[in-house]
Structures are given as structure tokens and as C-alpha cells.
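Work through the exercises below with the sequence and the structure open. Try each task before reading its solution.

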Amino acid sequence: ATPVAAPAPPRRDPLRLVLEESDDEAADQARLARLFDLLRAHAGEDPVVLTIRTREGEEVDLALPSARVDADLEAALLRTLSGQAAAAAS
């Protein structure tokens with residue numbers, strides 16, 4: 001009998017996030033650091049990709065740490081990207 005390999009589990013499409021670069025470099029760095037903190041706190045197997053849109057109109061894709069993506073994490077990431085988390089924290 002020929003051994004049959006188990007099919008690989010279907011790979012989840014990556015969670016795609018977009019960070020719009022602002023004129024406040026320190027705030028942008030803080031938002032990026034918060035993204036990493038959130039992802040590390042929700043370590044998992046789901047791929048996460050960040051697109052940074054620069055003020056010059058360029059787009060840079062950055063693979064972020066994989067995470068266990070759920071609705072709560074996604075909402076927290078989106079709040080962080082919009083700057084609401086920083087505003088709420090101050």
C-alpha cells in the first residue's frame with residue numbers, strides 16, 4: 001500500500017492592515033509598536049501583513065508576526081491604526 005500524505009490544512013488568507021504615514025513620526029512609531037505588542041499577545045498561526053503608505057504615496061509591505069486572529073484582535077488592531085487607541089491612552 002502506498003502511504004498517503006494528509007492534505008495540508010487550507011492556509012488562511014493573511015490579515016491585511018494599512019498604516020497611513022502621518023506628519024508625526026513619533027506617533028507612527030508608537031502605533032507600529034502597539035501593533036507588534038498586540039500581535040505578540042495573541043501569538044498564533046494566522047499570517048498578518050502590514051502595508052505602510054508613505055506621505056510620498058509609496059506603499060511598503062511588511063510581514064508582521066503571525067497571530068491568533070479573532071474579532072477582538074482585529075478591532076484592537078484597527079483602533080490602533082486609526083489612532084484611537086493612542087488618543088484613548090492619553
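**Exercise 1: a residue in a strand**

D46 lies in strand β2; strands (E, at least two residues) and helices (H or I, at least four) are DSSP runs, numbered from the N terminus. The model is a predicted one, in which local features need pLDDT of at least 70, side-chain atom pairs count only at pLDDT 80 or more, and totals for chains, interfaces and linings use all residues. Residues are numbered from 1 along each chain as its sequence is written, and side-chain values use heavy atoms, with hydrogens and water left out.

Task: Decide whether D46 is buried or exposed, and find which backbone nitrogen lies 2.9 Å from a polar atom of its side chain.

Solution.
Step 1. Buried means under 20% relative accessible area, exposed over 50%, and partly exposed in between (1.4 Å probe, protein chains only). D46 has a relative accessible area of 16%, so D46 is buried.
Step 2. The backbone nitrogen is that of V69.
Step 3. Contact means heavy atoms within 4.5 Å. Not counting residues up to four places away in sequence, D46 touches R12, S66, A67, R68 and V69.

**Exercise 2: the partner in the loop**

Task: Place V69 in the chain and list what V69 is in contact with, leaving aside neighbours within four places in sequence.

Solution.
Step 1. V69 sits in the loop between β3 and α2.
Step 2. With a relative accessible area of 11%, V69 is buried.
Step 3. The contacts of V69 are R12, L15, D46, V48 and E74, once neighbours within four places in sequence are left aside.
Step 4. From V69 to E45 there are 24 residues in sequence, and 8.5 Å in space, C-alpha to C-alpha.

**Exercise 3: one helix and its faces**

Task: Find which residues of α1 are buried, and state why they line one face of the helix.

Solution.
Step 1. α1 has 17 residues and reaches 24 Å from its first C-alpha to its last, close to the 24 Å expected at 1.5 Å a residue; the expected span is 1.5 Å times one less than the number of residues.
Step 2. Buried in α1 are D28, R31, L32, L35, L38 and L39.
Step 3. Seen down the axis of α1, these buried residues fall within an arc of 120°, so they line one face; the arc is that of the directions from the helix axis to the C-beta atoms.
Step 4. The face turned away from the buried side carries the exposed residues A26, R40 and A41.
Step 5. The cover over the buried residues of α1 includes β1, β2, β3 and α2.

Conventions:
A polar contact is a pair of N or O atoms within 3.5 Å; within protein, one must be able to donate a hydrogen and the other to accept it, and residues adjacent in sequence count only if both atoms are side-chain atoms.
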